[in-house]
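User: I'm new to reading protein structures. Could you walk me through how to look at helix packing and cores?

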Amino acid sequence: MSEKALAYLQEHRERLVSKLSDFLSIPSVSTDSAYKEDIHNAADFLVTYLKDIQFENVEKQDTAGHPIVYAEYNGAGLEAPTVLFYGHYDVQPVDPIDQWDSDPFKPEIRDGRLYARGSSDDKGQVFMHLAVFEAYMKTEGKLPLNIKVCIEGEEEIGSENLYERLQSKKEQFQADFAVISDSGMVAKNQPTILYGLKGFTGIEITVTGPDHDLHSGMYGGAVRNPIMALNHILASMKNIDEVITVDGFYDDVEPLTKEERKRMADVPSEDYVTSTGIPETVSEKGYTAQEHTMARPTFEINGMYGGYQGEGTKTIIPSSATAKITCRLVPGQDPEKIQALLEKHVQKVAPKGVTVKVKKEKLSAKAYKVEPNHPLITKAAESYTKAFGKETVFIRMGGSIPVVEWIEAIYDIPIVLLGFGTPDDRLHSPNESFPLDSFDKGMETLVYYWEKVREN
């Protein structure tokens, strides 16, 4: 079966890239209500494509927010396993627009890359799966496995309504295992198995002083400055060695084994200095940057605001200041417990003369990890290697995909993360792109993988 499907993908490659470009042209930005119609247009594109491929029970399921696209294929027979394929069709905003070299919603191919918002995250990778399904249906009239499709429109805003849907329609989404392509490889053309993801949680700290901005000359020395107070709090939460100093933060962290540290050391590492423009890397004392990124928890200030932001000087003591903080978590850590520890620390160190409030992030997730030698993972590694012509490496990722932990918790099934992005894709940034080489070899990998799973 695989030879026919591969030949179809090669023969129709130009048309498939053009169809993907049509999908990418829809500005399905989930964060902005101005794009509500475009969100529905993107969902309709998927519904039409799935019907064309001859999936059954194709639905655009309404939620309290953006719709979920659902579909089934049950033609492989009762003896064949059922896989739940998850992806998302929503994309990040394009700001700052002036930093794009081409229109983010007019896809353009340059130097072997397809430039457009969503080309890598996640429309391009979603489309690859659908194109492979098309290839099988057009050449064999059937798919190797039974498939359930779940493509949502709210991943970029925290999948606000997906968890409820997965729980309330548990039987509809039930499968033997899940496959997600919303991640990447450690380097271009370096096949990579992602066997772990970090969890996620966060808080927002707001420090309030006077009930209005004050003249700094008249009140300086009598009134606590909220920005200074906020900085005292933040400085007490992580030291210069990148060690988090919140009591109890590390208590439940699953330690790194010698085997895992060796596996991480053997993986080709991103050149952070080159890719990010920093002078040098920093990491938690006792761990390499690779180890910290993949498998140690983090504490990051994502934004701070308060006081005067305009040109020149305005001599005030601002009335308030706010900081947004997120933590990436590792196996063993519970998001709610971490939030409680952070809040306890903030209140403990809060200076006198100000009021401090902590707002907890509602959308949190635990870390996820699967054994690298699981049969479904082994088959994925073999498929990657066959398609890319390189030995597959195994890594844990510093990012979080909450739906992974949700699927594991609700359905108790293995999850295979088949990602084809590269470090140069510029996710969430201007000039997002996806290598067409990954597009081709990624679809080849998927064909090999479905065949290997079917053989069992």
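User: How do the axes of helix 1 and helix 4 cross?

Analyst: Keep in mind that this is a predicted model. When two helices pack, look at how close their axes come and at the angle between them. Here the axes of helix 1 and helix 4 come within 9 Å and cross at roughly 115 degrees, and the crossing is right-handed.

User: Which residues make that contact?

Analyst: A general idea helps first: an α-helix has 3.6 residues a turn, so residues three or four places apart point the same way. In this case, helix 1 brings Ser2, Lys4, Ala5, Tyr8 and Leu9, while helix 4 brings Ala131, Val132, Glu134, Ala135, Tyr136, Lys138 and Thr139. By type, the residues of this contact are seven nonpolar, two polar and three charged.

User: And how do helix 1 and helix 15 run relative to each other?

Analyst: Go back to the angle. The axes of helix 1 (residues 2–11) and helix 15 (residues 436–455) come within 10 Å, crossing at roughly 165 degrees. Angles over 145 count as roughly antiparallel, and therefore helix 1 and helix 15 are roughly antiparallel to each other. Their crossing is right-handed. On the helix 1 side you will find Ser2, Ala5, Leu6 and Leu9, which meet Met443, Glu444, Val447, Tyr448 and Glu451 of helix 15. That contact divides into six nonpolar, one polar and two charged residues.

User: What should I look for in the largest nonpolar core?

Analyst: In soluble globular proteins, nonpolar side chains tend to be buried together. In this model, the largest nonpolar core has 104 residues, and Phe55, Phe177, Val403, Ile407, Tyr449 and Trp450 touch the most other members. Helix 4 (residues 123–139) gives the most to this core, with 10 residues. There is also a second, separate core of 24 residues, which includes Ile203, Leu230, Met237 and Ala321.

User: Which residues does Ile407 touch?

Analyst: Leaving out residues up to four places away in sequence, Ile407 touches Leu84, Leu166, Ala178, Ile180, Asp412, Ile413 and Ile415.

User: Why is helix 14 described as largely enclosed?

Analyst: Count the buried residues along the helix. In helix 14 (residues 402–411), seven of the 10 residues are buried, so this helix is largely enclosed by the rest of the structure. The buried ones are Val403, Val404, Glu405, Trp406, Ile407, Ile410 and Tyr411.

User: What does the backbone do just after helix 14?

Analyst: Look at Asp412, which takes a positive phi of about 55 degrees just after helix 14.

Conventions. Residues numbered from 1 in each chain as written. Predicted model: local features only at pLDDT ≥ 70, side-chain atom pairs only at ≥ 80, totals over all residues. Heavy atoms only, no water. Axes fitted to C-alpha atoms, helices over the stretch in contact; angles between N-to-C directions. Helix = DSSP H or I, 4+ residues; strand = E, 2+ residues; numbered from the N terminus. Parallel < 35°, antiparallel > 145°, perpendicular 65-115°, else oblique. Left-handed = near helix turned anticlockwise from the far one by under 90°. Contact = heavy atoms within 4.5 Å. Nonpolar A, V, L, I, M, F, W, Y, C, P; charged D, E, K, R; others polar. Core = buried A, V, L, I, M, F, W, Y, C linked by side-chain atoms within 4.5 Å. Buried < 20%, exposed > 50% of the residue type's maximum accessible area, 1.4 Å probe, protein only.
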